[in-house]
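Grab your viewer and work through these exercises one at a time. Try each task before you read its solution.

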Amino acid sequence: LALWHNRRRSILTSRQHLVGEAEHLLCDLPLELRDELPDSKAVRPRLAALAHRNRRRRYDAPTTVRLGMLDAYRAQISALDREEKDVVAQLRELVAANGSTLSELCGLDTRSVAELLVEVGDPRRFTEGGFARFNASAPLAASTAEGPGEPVRHRYNPGGNRRVNAVLHRMAVTQLRCEPRAQAIYANARVRGHTKKEARRILKRHLSDVIYRRMIRDLAAADRASVPTQPILAA
């Protein structure tokens with residue numbers, strides 16, 4: 001699982017590098033050629049439109065070289081897209097073989113579950129609060145003397161495992177769109193006087209506990225399944 005997960009991260013890094021290089025080349029194209037491309041900041045639509053250009057048209061030598069490089073970048077990006085799909089399929093099988101039920105939680109897909117399993121390892125090495133400190137969802141106190149009736153303020157925690165924290169952030173954003181319980185937690189925090197960022201951090205702290213309990217439950221289920229049943233001997 002870790003090997004396939006690391007391969008996917010390598011694919012993402014390579015693809016992001018190619019997209020950045022392609023964006024620079026697109027910005028250096030002649031104005032009349034750029035005007036023919038979609039009015040979008042995204043690189044992929046412009047590369048796709050450029051692939052359908054009139055190839056009989058003559059350009060100066062630098063532009064010809066840039067167009068050739070852009071064609072090569074487009075092909076490499078497409079190849080990496082296909083490889084990522086294959087890697088995700090491998091991850092899906094391995095996650096299922098692992099017995100994890102994290103994918104049942106709203107906001108977690110195969111890639112996020114694989115990230116959690118690889119980065120967390122055995123969750124039994126943490127307590128519930130220790131897991132929150134590990135993933136930096138446990139907030140840091142912003143002050144020690146709030147006035148009467150004011151909410152207790154906490155600030156952003158820049159420490160911890162940022163990859164797991166990013167999974168929690170994406171999960172929180174997704175659940176705020178479609179999960180009533182997450183929406184209620186966020187709304188209650190806002191009613192108590194917390195800012196939008198603080199309310200989202202409160203939700204992330206709650207989701208950290210949800211993930212931890214689910215991982216512990218999955219391990220317990222796996223342990224029960226691995227224990228051989230003893231035959232009942234007749235008296």
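**Exercise 1.** Does Ala-136 count as buried or exposed, going by its relative accessibility?

*Solution.* Keep in mind that you're looking at a predicted model. Start with location: Ala-136 sits in the loop between H6 and strand S1 (140–141). Next, check accessibility: the cut-off for buried is under 20% relative accessible area, and Ala-136 comes in at 7%, so it counts as buried. Finally, look at the backbone. Ala-136 has a phi near 65°, a positive value in a residue other than glycine. For context, most residues other than glycine have a negative phi.

**Exercise 2.** Work out what surrounds Asn-165.

*Solution.* First, place the residue: Asn-165 belongs to helix H7 (residues 162–178). Second, apply the burial test again; with a relative accessibility of 5%, Asn-165 counts as buried. Third, list its contacts. Leaving out residues up to four places away in sequence, Asn-165 touches Asn-135, Ala-136, Ser-137 and Lys-204, so the buried loop residue Ala-136 from the previous exercise turns up again. Last, look for a polar partner: the Asn-165 side chain reaches the backbone oxygen of Asn-135 at 2.8 Å.

**Exercise 3.** How do H7 and H9 pack, and at what angle?

*Solution.* Fit the axes: they are 9 Å apart, and the packing angle is about 110°. Angles of 65 to 115 degrees count as roughly perpendicular, and H7 and H9 therefore fall in that class. Now for who makes the contact. H7 contributes Asn-165, Leu-168, His-169, Met-171, Ala-172, Gln-175 and Leu-176, while H9 brings Arg-200, Leu-203, Lys-204, Leu-207, Ser-208 and Ile-211.

Try the same with helix H8 (residues 180–191): its axis and that of H7 come within 6 Å and cross at roughly 100°. H7 and H8 are therefore roughly perpendicular too. On the H7 side the contact uses Gln-175, Leu-176, Arg-177 and Cys-178, and on the H8 side Pro-180, Ala-182, Gln-183 and Tyr-186.

**Exercise 4.** Which residues have the most contacts inside the largest nonpolar core?

*Solution.* The core holds 42 residues, and the ones with the most contacts inside it are Leu-26, Leu-29, Leu-50, Leu-70, Leu-102, Leu-108 and Ile-211. Then ask which elements feed it: those giving two or more residues include helix H1 (2–27), helix H4 (61–98) and helix H9 (196–226). H4 gives the most, with eight residues. Zoom in on Leu-70: not counting residues up to four places away in sequence, it touches Ala-22, Leu-25, Leu-26, Leu-29, Leu-47 and Leu-50.

**Exercise 5.** How many residues of H5 are buried?

*Solution.* Count along the helix: nine of the 11 are buried, so H5 is largely enclosed by the rest of the structure. Among the buried ones are Val-113, Leu-116 and Leu-117, along with Glu-115 and Glu-119. To see what does the enclosing, note that the buried H5 residues pack against H1, H4, H6, H7 and H9. Just past the helix, Gly-121 takes a positive phi of about 70°.

**Exercise 6.** Step back: how many helices and strands does the protein chain have?

*Solution.* Tally them up and you get nine helices and two strands, in the order α-α-α-α-α-α-β-β-α-α-α. Buried residues account for 35% of the 235 residues. As for the surface, the chain exposes about 14300 Å², with carbon and sulfur atoms supplying 54% of it.

Terms used:
Residues numbered from 1 in each chain as written. Predicted model: local features only at pLDDT ≥ 70, side-chain atom pairs only at ≥ 80, totals over all residues. Heavy atoms only, no water. Helix = DSSP H or I, 4+ residues; strand = E, 2+ residues; numbered from the N terminus. Buried < 20%, exposed > 50% of the residue type's maximum accessible area, 1.4 Å probe, protein only. Polar contact = N/O pair within 3.5 Å; in protein donor to acceptor, adjacent residues only side chain to side chain. Contact = heavy atoms within 4.5 Å. Areas by Shrake-Rupley, 256 points an atom, 1.4 Å probe, with all protein chains shown as cover. Core = buried A, V, L, I, M, F, W, Y, C linked by side-chain atoms within 4.5 Å. Axes fitted to C-alpha atoms, helices over the stretch in contact; angles between N-to-C directions. Parallel < 35°, antiparallel > 145°, perpendicular 65-115°, else oblique.
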